[in-house]
Every structure is written in C-alpha cells, then in structure tokens.
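Work through the following exercises with the sequence and the coordinates at hand, and try each task before reading its solution.

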Amino acid sequence: MYKKPIFILILLFFSNTSIEAQSLENLKAINETWQKFYKAFETLDYTLMADIHAKDLVRISGGQRILDYDTYINNYKIGFQRDKESHQISEISLRFFERLNTNTTASERGIYKLTRNKGTKNEESYYGQFHVIMKKRDDHWKITLDYDSSENGTIGEADYNKAFAIDDFDEFLKN
C-alpha cells in the first residue's frame, strides 16, 4: 500500500539530485571567470574586474566593511592606476578547499596568495581565506558575494599549499 508513494519519492529525490549535481563543465566555466580575475591583476585592467562581478555584488573585505559594486570596482580602478604609475607588479593565485556548484549557483572557498613585486628584492606575499558565491547570468558566471579575511593574520603559505590547485577538478568531483 505504501510502496508506490515511497518509490515515487525516492525517484524524485534521486532525479533532482542528478539534475543539480556537481559538474566538470561548470567547474571549467567557473574557471573562465577566475582566469579573467587573474588577467585583471596581470594587466591592471579594472574593467575585467567589473565584468566578472554582478551589479548587485556584496563585498565583505577582511571582515571589516561591506562594499557595493560601484565602490568596489572604483577602488580597483584607483588602485590599478596607482600601481601602473608606480610600476607595481602584482600576481594573485587561488587554491581551493571547497568548490560546490549547480547549474545556476556556485560556492568557492579557498586561500589566495597575492604577491607584490614578484621576482624583485621587494617581493612580498599576502595570504587570506576567501568565500565567493557566483550566479550564472546570461551564460556567464558572475561573483555576487565576495568575502575574504586573513583571519587576524593566521592564514599563511602552509594553508595555501594544503588547498587544491585551480585545475585540480578530481578532488571536487568525488561524489
């Protein structure tokens, strides 16, 4: 008597799970957004930062303040221009300890490493933990929430090295 409804519920549960399952295609598409992020730092092009962030962005910087899209992008415009004028070289890289996605939403958590003046006597590296929520809009992944923090200076190279490389997809497809 109860077998038929239970079977239908189980079938619906598993069919919904497969539709929203983690996918390699989504990870690769999300990495296209991250490649623009890297390129923005490499070329000091704030328009790339503007392109990958949603207009309704919530940016929480270092656990200290909340910024909107316009303020956040304008800060990059000013900062990148200052870096160009002073010939400041920056490189950023990301490693991940969590990458979850559906066909419309992604949660990306990991450790960033920002290196200033790479390859010079003034080289310095800074580390922090990040959590980004992305939404797929018009077939492109946009950052809608971006939070980072150094966790009071406790995040470092060891944390960065423990996390997985941006192209290490296998770790995140193990379900």
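Helices (H or I, at least four residues) and strands (E, at least two) are taken here as DSSP runs, numbered from the N terminus. The model is a predicted one, in which local features need pLDDT of at least 70 and side-chain atom pairs count only at pLDDT 80 or more, while totals for chains, interfaces and linings use all residues. Residues are numbered from 1 along each chain as its sequence is written, and side-chain values use heavy atoms, with hydrogens and water left out.

**Exercise 1. Establish how many helices and strands the protein has, and in what order they run.**

Step one is the count, which gives 5 helices and 7 strands. Step two is the order: from the N terminus on, the elements run α-α-α-β-β-α-β-β-β-β-α-β.

**Exercise 2. Compare the expected span of H2 with the distance between its end C-alpha atoms, and then locate its buried residues.**

The expected span of a helix is 1.5 Å times one less than its number of residues. For the 20 residues of H2 (residues 24-43) this rule gives 28 Å, which agrees with the 28 Å between the end C-alpha atoms. Next comes burial, where buried means under 20% relative accessible area, exposed over 50%, and partly exposed in between (1.4 Å probe, protein chains only). The buried residues of H2 are Asn26, Leu27, Ile30, Asn31, Thr33, Trp34, Phe37, Tyr38, Ala40 and Phe41. Seen down the axis of H2, these buried residues fall within an arc of 160 degrees (taken from the directions from the helix axis to the C-beta atoms), so they line one face of the helix. Glu25, Glu32 and Glu42, on the other side of H2, are exposed. Finally, H2 is followed by Leu44, whose phi is positive, near 55 degrees.

**Exercise 3. Describe the largest nonpolar core and find which element gives the most to it.**

A nonpolar core is a set of buried Ala, Val, Leu, Ile, Met, Phe, Trp, Tyr and Cys residues joined through side-chain atoms within 4.5 Å. The largest such core has 33 residues, and those with the most contacts inside it are Trp34, Phe37, Phe41, Met49, Leu94 and Met134. At least two residues of this core are supplied by each of H2, H3, H4, S3, S4, S5 and S6, and H2 gives the most, with 7 residues. If contact means heavy atoms within 4.5 Å, Met49 touches Phe37, Ala40, Phe41, Tyr72, Ile73, Tyr76 and Phe80, residues up to four places away in sequence not being counted.

**Exercise 4. Determine which residues of H4 are buried and which are exposed on its other side.**

The buried residues of H4 are Tyr69, Tyr72, Ile73, Tyr76, Gly79, Phe80 and Asp83. Seen down the axis of H4, they fall within an arc of 125 degrees, so they line one face of the helix. On the other side of H4, Asp70, Arg82 and Glu85 are exposed.

**Exercise 5. Characterise the surroundings of Ser90.**

Ser90 lies in strand S3, and with a relative accessible area of 9% this residue is buried. Outside the residues up to four places away in sequence, Ser90 touches Phe41, Asp83, Leu114, Thr115 and Arg116. The C-alpha atoms of Ser90 and Ser125, which are 35 residues apart along the chain, are separated by 9.5 Å.
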